[in-house]
Amino acid sequence: MKTTQNDLSYFTLRLQEHINNSFPELSTDPTFVSLRSALAANAYEGAFLSGNTIEQCNEIADFILFENLHLSKFDTILQVVCNEFDTIMADEELRPFALQMFPVCESVFKGYALSDDFANDIQYDLLYTELTGRIQLWIEEHGLQ
């Protein structure tokens, strides 16, 4: 089985969609997207040629495609905004406000050792609380815009 441009496009589109939704900080890095997509396509092809089932090939490719892209700083901020501030803004304002808060909250993440399974760690609750506080202080200083 030879990896075709269509295969690469499939992986590129899947990764780009994931990045656009959850990792806005990577959305302007086409090198990351193309490299990771090519690695996933090559892994799929290698797995297929080794006799794996299509399901196993997809699992192997997905592991490479989404490695270290499970815990999203943006999704964490969006969750805080949706859970804690949804009563002070309209639903359609939540995501744009979370995008606005992303650079404001970036420094909060530096105090935590983030990993793909961090959401299951006790430290996640501390991060959540700290993000809530940072956003609340920002709103008090700047208001909702």
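**Patches and a buried threonine**

Modeller: Let's start with the greasy bit: Phe 48, Leu 49 and Ile 54 make a nonpolar surface patch of about 270 Å². Bear in mind that this is a predicted model.

Biologist: Is Ile 54 buried, partly exposed or exposed?

Modeller: Ile 54 sits in helix H3, which covers residues 54-65. Its relative accessible area is 44%. Buried means under 20% and exposed means over 50%, so Ile 54 falls in between and counts as partly exposed.

Biologist: Now the charges. Which helix gives the most to the negative patch?

Modeller: The negative surface patch is formed by Glu 84, Asp 86, Asp 91, Glu 92 and Glu 93. One helix runs over residues 91-109 and puts in three residues. That top contributor is helix H5.

Biologist: And where does Asp 86 sit?

Modeller: Asp 86 is part of that negative patch too, and it has 34% relative accessibility, so it counts as partly exposed. Helix H4 spans 73-84, and Asp 86 is found between H4 and H5, in the loop.

Biologist: Back in H4, what is the relative accessible area of Thr 76?

Modeller: Thr 76 is found in helix H4. The cut-off for buried is under 20%, and Thr 76 is buried because its relative accessible area is 4%.

Biologist: Which residue has its backbone oxygen 2.8 Å from a polar atom of the Thr 76 side chain?

Modeller: A polar contact needs a pair of N or O atoms within 3.5 Å. Here the Thr 76 side chain has a polar atom 2.8 Å from a backbone oxygen, and that oxygen belongs to Ser 72.

Key:
Residues numbered from 1 in each chain as written. Predicted model: local features only at pLDDT ≥ 70, side-chain atom pairs only at ≥ 80, totals over all residues. Heavy atoms only, no water. Patch = residues over 30% accessible without salt bridge, like charges linked within 9 Å, V, L, I, M, F, W, Y side chains within 5 Å. Areas by Shrake-Rupley, 256 points an atom, 1.4 Å probe, with all protein chains shown as cover. Salt bridge = Lys/Arg side-chain N within 4 Å of Asp/Glu carboxyl O. Lys, Arg positive; Asp, Glu negative; His and termini not counted. Charge placed at Lys NZ, Arg CZ, Asp CG, Glu CD. Helix = DSSP H or I, 4+ residues; strand = E, 2+ residues; numbered from the N terminus. Buried < 20%, exposed > 50% of the residue type's maximum accessible area, 1.4 Å probe, protein only. Polar contact = N/O pair within 3.5 Å; in protein donor to acceptor, adjacent residues only side chain to side chain.
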